[in-house]
Amino acid sequence: AAPALQGAGSVKQQISNLVALSLRATVPEVDVEPIVEVCTGKFGDYQCNNAMGLWSKVKGSGTSFKNPNAIGQAIAKNLPACDVIESASVAGPGFVNIVLSKSWVAKRIQDMLVNGITTWAPILPVKRVVLDFSSPNIAKEMHVGHLRSTIIGDTLARMFEFSNVEVLRRNHVGDWGTQFGMLIEFLFEKFPNWEELGSQAIGDLQVFYKASKQRFDEDAEFKDRAQQAVVRLQGGEEKYRAAWKKICEISRNEFDQVYKLLDVQLEEKGESFYNPYIPQVLEKLSSQGLIEESEGARVIFIQGHQIPLIVVKRDGGFNYASTDLAALWYRLNVEKAEWIIYVTDVGQQQHFDMFFKAARMAGWLPDPKEKKFPKTSHVGFGLVLGADGKRFRTRSTEVVRLGDLLDEAKSRSKIVDWTDEELEQTSKAVGYGAVKYADLKNNRLTNYTFSFDQMLSDKGNTAVYLQYAHARICSIIRKSNMDVEELKVSGNISLAHPDERVLGLYLIRYAEIVEEACTNLLPSVLCEYLYNLSEMFTRFYTNCQVVGSPEEPSRLLLCEATAVVMRQCFQLLGITPVYKL
Ligand code: ARG
């Protein structure tokens, strides 16, 4: 087999490279980046929009061009001769419409079928990313907000990984802070034999948390002990460290069950991990004159914000912000990440805004206007709402138990009469896939309404519909007497019918879609692509007979390519595809 076409990048990237050559030939005196978009009109597949901007740069400088349209003509003419472009024409004030060669499109698809979809990885301008996601708090609830963070973060991680970017998947769990004093003392009081406790023995940690909080609020003597416990824990006293560890372990066990169900990989580096780095990081900021005294606390004043960022509380303790500063310092200097991405609800936007600005003031990060790395991004998302339009809850508890929720999705999706094993696997794939997709398909900033009925419907833009669409393609391939594996090598894709061409063009856009979703941190872009792809396939299948037609070999390959791309989308969305429904 031919070597994998590593490094070729997306189609848009390749067109941009050709346009860049043409621009250099057309206006050697000006240095501009190619502006290439997918064509919105029907005169081309991609378009180059450089002519108008170039005109305003060169006019009046004795240029021989008469107008932007003339520059467009020259750009079109100077495109290097190659097998990618069939023709180029100019429209309006100077839009250069580029038509791709059908045989090149067909070849690109066939190469992918032979060498694998990894050859369609986009090229991103970063090598290492820290993705801080999920990040629940020890002994507190892991609520649907954390579920959203987990699902969105995992998809972003998968998309970057597919694009050959190294991703440090970080679970920034809330495992440090004054609440541990009260939890530890309560543990000592309730379970004198706490050292021998198994991870299940405490029962419900959230109930345990509430009870200890109540004890803390009601009993001054207990409160006193709890506050002492914090000091002893932070001082590193053995017994207190051990108790803290025990509590974390119990929580971790619960979290891990959810991650296992969702098939999400995460490396825990909780708040406690960064605690030892805080003093030195604050020391540096202090010596730069960034930290001031204010009402007994130590703070950083930040332009554009009414309140300062508190980094040392009045009692001398560190907080969420000081931990995040230390963690960012660590991620930049020790882990050498170029892009640090945080996935939390939009409610935390102000915190991230402020601490990113503080990092810029310290010179850790360039001005975002420069569009340089390293950089930080907050991936915010909206609330999960119930049918009543209020924050999503179940009847019995205040928060939804994530495990129960996934179980319910699974049991509701039992659709057909199969063997038990098939049923178990399929309903899991369909049920969990539905929960993930319902979350990912929306623009993440909007609130979304959680509805089993909607997400498990087989109509409309749902995972179930897409699972059906994919399974149907698989069944078409099964029905044919031809061997797809053999066809991949010996057959030929032709894109003669207009609907074949449209489908083929959309397939090869896959890489630039992943690129866009990564660049803008928007999983919904990929969902939209997947949905459109299935619609385009339906149009193709309605108008082009596959099995039993003279074009069967070529069309079968198009079916296979569509199935492969759909499966890869599912993979990036963390959804297990189903081959038969
Ligand atoms: N534990 C926090 C919460 O539950 C989320 C942490 C997000 N990550 C961070 N580096 N601040 O809201």
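Which strand does strand 6 pair with in the parallel sense over two bridges? I put this to the predicted model and found that the partner is strand 7, which covers residues 267-268. Within that pairing, I noted that Arg170 stands opposite Glu267 in strand 7.

**Entry: the whole chain**

I then stepped back to the protein chain as a whole, and I counted 22 helices and 14 strands in it. Its C-alpha trace spans about 85 × 70 × 45 Å along the principal axes, and of its 581 residues, 41% count as buried.

**Entry: strands 5 and 6**

I returned to strand 6, residues 166-171, and saw that it also pairs in the parallel sense with strand 5, residues 128-132, over five bridges. In this pairing I found Val129 opposite Val167 in strand 6. Following the chain from strand 5, I passed through helix 5 (residues 144-162) before reaching strand 6, and I recorded this β-α-β crossover as right-handed.

**Entry: the ligand**

Next I looked up what surrounds the ligand, and I listed Asp132, Ser135, Pro136, Asn137, His172, Gly174, Asp324, Ala327, Tyr342 and Thr344. When I asked which elements give two or more residues to this shell, I found helix 12 (320-333) and strand 11 (339-345). Sorted by character, the residues of the shell divide into three nonpolar, five polar and two charged.

**Entry: strands 11 and 12**

Since strand 11 had come up at the ligand, I traced its own pairing, and I found that it runs in the parallel sense with strand 12 (residues 375-381) over seven bridges. Here Ile340 stands opposite Thr376 in strand 12. Strand 11, helix 13 (residues 349-361) and strand 12 together make a β-α-β unit, which I noted as right-handed.

**Entry: residues 13-100**

I consulted the UniProt record, where an unreviewed entry places the feature "domain: Arginyl tRNA synthetase N-terminal" at residues 13-100. In the model this span is 38% helix and 22% strand, and its end C-alpha atoms lie 14 Å apart.

**Entry: a sheet of four strands**

I also followed an open sheet of four strands, which has the order 1-2-4-3 and antiparallel pairing. Its edge strands are strand 1 (36-38) and strand 3 (85-91), each of which pairs on one side only. Neighbouring strands of this sheet are turned by 30 degrees against each other on average, with direction ignored. Looking at one pairing in detail, I found strand 3 and strand 4 (residues 95-100) joined in the antiparallel sense over six bridges, and the bridge partner of Ser89 in strand 4 is Asn97.

**Entry: residues 466-581**

The UniProt annotation "domain: DALR anticodon binding", again from an unreviewed entry, covers residues 466-581. I found that the chain over these residues is 73% helix and 0% strand, and that the end C-alpha atoms are 11 Å apart.

**Entry: Asp388**

Is Asp388 buried or exposed? I placed Asp388 in the loop between strand 13 (384-385) and helix 14 (402-412). I recorded Asp388 as exposed because it has 9 other C-beta atoms within 10 Å, and a residue counts as exposed with 12 or fewer. Finally, I compared its place with that of Glu166, which is 222 residues apart from Asp388 along the chain, and found the two C-alpha atoms separated by 42 Å.

Notes:
Residues are numbered from 1 along each chain as its sequence is written. This is a predicted model: local features need pLDDT of at least 70, side-chain atom pairs count only at pLDDT 80 or more; totals for chains, interfaces and linings use all residues. A residue is near a molecule or strand if its C-beta atom, placed from the backbone, lies within 6 Å of it. Ala, Val, Leu, Ile, Met, Phe, Trp, Tyr, Cys and Pro count as nonpolar, Asp, Glu, Lys and Arg as charged, and the others, Gly among them, as polar. A residue is buried if 20 or more other C-beta atoms lie within 10 Å of its own, exposed if 12 or fewer, and partly exposed in between; C-beta atoms are placed from the backbone. UniProt positions are given in the numbering used here, feature names are shortened, and annotations may be inferred rather than shown by experiment. Two strands pair if DSSP finds at least two bridges between them. A crossover is right-handed if, with the strands pointing away from the viewer, the path from the first strand over the helix to the second runs clockwise. Axes are lines fitted to C-alpha atoms, for helices over the stretch in contact, and angles run from 0 to 180 degrees between N-to-C directions.
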